[in-house]
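Let's look at this one together, with a few questions and worked answers. Have the coordinates open as we go.

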Amino acid sequence: MHRFTITLKSPIPYHAPSSQSHPIFPHNPRLTQSQSYPILAPICTRAHSVFNSTRGLDISAPKHTSNSNSNAINGSVHDLKSKSVGVKDIDVATLGNLCVDIVLNVPKLPPPDVHDRKAYMDRLSASPPDKQYWEAGGNCNMAIAAARLGLHCIAIGHVGNEVYGQFLVDVLHDEGIGMVGMCENTNVESASASYETLLCWVLVDSLQRHGFCSRADFSKDPAFSWMSKLSEQVKTAIKQSKILFCNGYGFDELPPGVIVSAVEYAVEVGTALFFDPGPRGKSLSAGTPEERGALSQLLRMSDVLLLTSDEAESLTGIENPISAGQELLKQGVHTKWVIVKMGPRGSILITRSSISCAPAFKVNVIDTVGCGDSFVAAIAYGFIHNMPAVNTLAIANAVGGATAMGCGAGRNVATLEKVIELMKASNLNEDDEFLDELLDENLDVQAIKSLSKLVINGSENQPNCVSLQKVVSELLPKLKLTQLQKKVPC
């Protein structure tokens with residue numbers, strides 16, 4: 001829910017969302033503002049239809065054809081064949097962080113006083129704004145981006161029995177994503193605020209500054225603090241999934257104990273954990289004992305960690321993103337990949353024996369909202385399909401960049417067509433000087449690879465360049481096959 005918009009007229013590299021924003025309300029990292037310079041209006045809409053669907057009682061999404069191996073995730077990285085966990089026919093499950101973003105133009109941003117701010121939000125919430133201003137937010141972004149890559153996805157979380165909850169379920173259904181509810185008590189009163197769908201108000205003033213707020217910002221407890229354990233249905237969903245994705249904003253909804261239970265169960269049943277702490281990582285590391293314990297558990301037990309360079313430094317105290325990634329690997333029990341997102345400078349994937357780097361693609365940036373979530377979806381795609389690290393980074397940079405070329409998140413994240421178009425253009429933002437600086441330190445690794453238009457064999461502590469043309473020629477047939485399969489009626 002922490003996000004900002006950058007809109008420029010000239011082609012610039014894709015820039016993933018940064019945690020370095022200027023707060024309107026400095027004590028809460030989720031209430032922020034940023035300056036943007038749009039060439040489009042701040043509110044982007046897309047026509048959609050609403051269908052009735054069963055809410056969160058069954059795992060019910062259209063099956064996507066996948067080339068993944070149901071017994072092994074990323075062979076050399078995470079082999080599941082040694083565990084008797086049954087068939088994992090779901091590619092990705094997201095945990096919590098299901099919200100509706102409501103984007104509105106306002107005369108001025110919310111007042112600084114917490115009580116006035118709460119009254120301001122209550123006035124906004126009194127009646128639902130027109131649906132043209134609604135969009136799926138939070139982990140819906142990642143799930144939609146992953147589904148568009150052909151992955152079979154489900155969203156585990158809670159939505160209320162009101163118009164906003166139905167809207168989220170319908171959006172997910174339209175994208176082929178199943179919903180697994182976390183509320184076992186079907187007798188709760190729908191009017192109870194603690195059971196309502198979480199809304200994030202995205203407010204844009206006349207100067208194009210943005211403010212964000214939700215009811216979770218006005219309570220020390222998570223929005224769904226009534227949750228105490230995982231249902232059997234949720235456990236089944238985790239067990240049947242190859243990947244369980246968690247992010248830092250999940251703590252705004254779910255109690256730390258519930259998140260820890262999901263982590264422990266995923267480890268028990270051989271489901272790979274992906275964790276992106278986001279800007280909440282810093283506040284969680286200084287939070288309650290329960291929050292600190294849950295954060296530590298996620299950092300230690302996750303198979304894949306995804307962070308910006310600022311977030312990696314915040315958690316380790318190490319400025320060099322590669323060295324920070326190596327430190328997180330040392331601290332981890334199950335950690336196999338640490339991926340550092342560096343915006344216009346691309347991304348880095350660090351393992352215990354190798355470093356892989358990929359520059360960003362140059363794109364016309366319209367809106368960076370949802371870029372990081374889309375990036376994660378493509379990393380999951382590469383992980384499941386056992387792709388080389390450089391290939392995985394290349395497609396992740398392309399998906400993130402394609403999202404930046406659109407307006408807003410939710411249903412506006414990258415389409416497969418845009419990703420293919422961007423990869424065909426193959427316009428990289430290479431910065432050899434920056435890469436040399438990162439690799440200048442004494443890095444104890446066996447292999448360093450970098451995506452490049454040129455093919456050069458590297459010397460000690462210098463990368464072997466992997467041809468962009470070769471990587472694109474390997475990725476495009478897979479993406480085009482998925483594109484074809486999506487066009488064929490089931």
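Q: How many disulfides does the count come to?
A: This is a predicted model, where local features need pLDDT of at least 70, side-chain atom pairs count only at pLDDT 80 or more, and totals for chains, interfaces and linings use all residues. Residues are numbered from 1 along each chain as its sequence is written, and side-chain values use heavy atoms, with hydrogens and water left out. A disulfide is a pair of cysteine sulfur atoms within 2.5 Å. By that rule the count is 0 disulfides.

Q: Why does Cys-213 have no bond to the closest cysteine sulfur?
A: Cys-213 is buried (under 20% relative accessible area, with exposed over 50% and partly exposed in between, using a 1.4 Å probe and protein chains only), at 3% relative accessibility. The closest cysteine sulfur belongs to Cys-200, and it is too far for a bond, at 7.3 Å.

Q: Which cysteine has the sulfur closest to that of Cys-357?
A: Cys-357 also counts as buried, at 4% relative accessibility. Its sulfur is 9.7 Å from the closest cysteine sulfur, too far for a bond; that partner is Cys-465.

Q: Which helix gives the most residues to the largest nonpolar core?
A: A nonpolar core is a set of buried Ala, Val, Leu, Ile, Met, Phe, Trp, Tyr and Cys residues joined through side-chain atoms within 4.5 Å. The largest has 87 residues, and Ile-339 and Ile-379 are among those with the most contacts inside it. With 10 residues, the top contributor is helix α10 (residues 371-384), where helices are DSSP runs of H or I, at least four residues, numbered from the N terminus.

Methods. Helix = DSSP H or I, 4+ residues; strand = E, 2+ residues; numbered from the N terminus.
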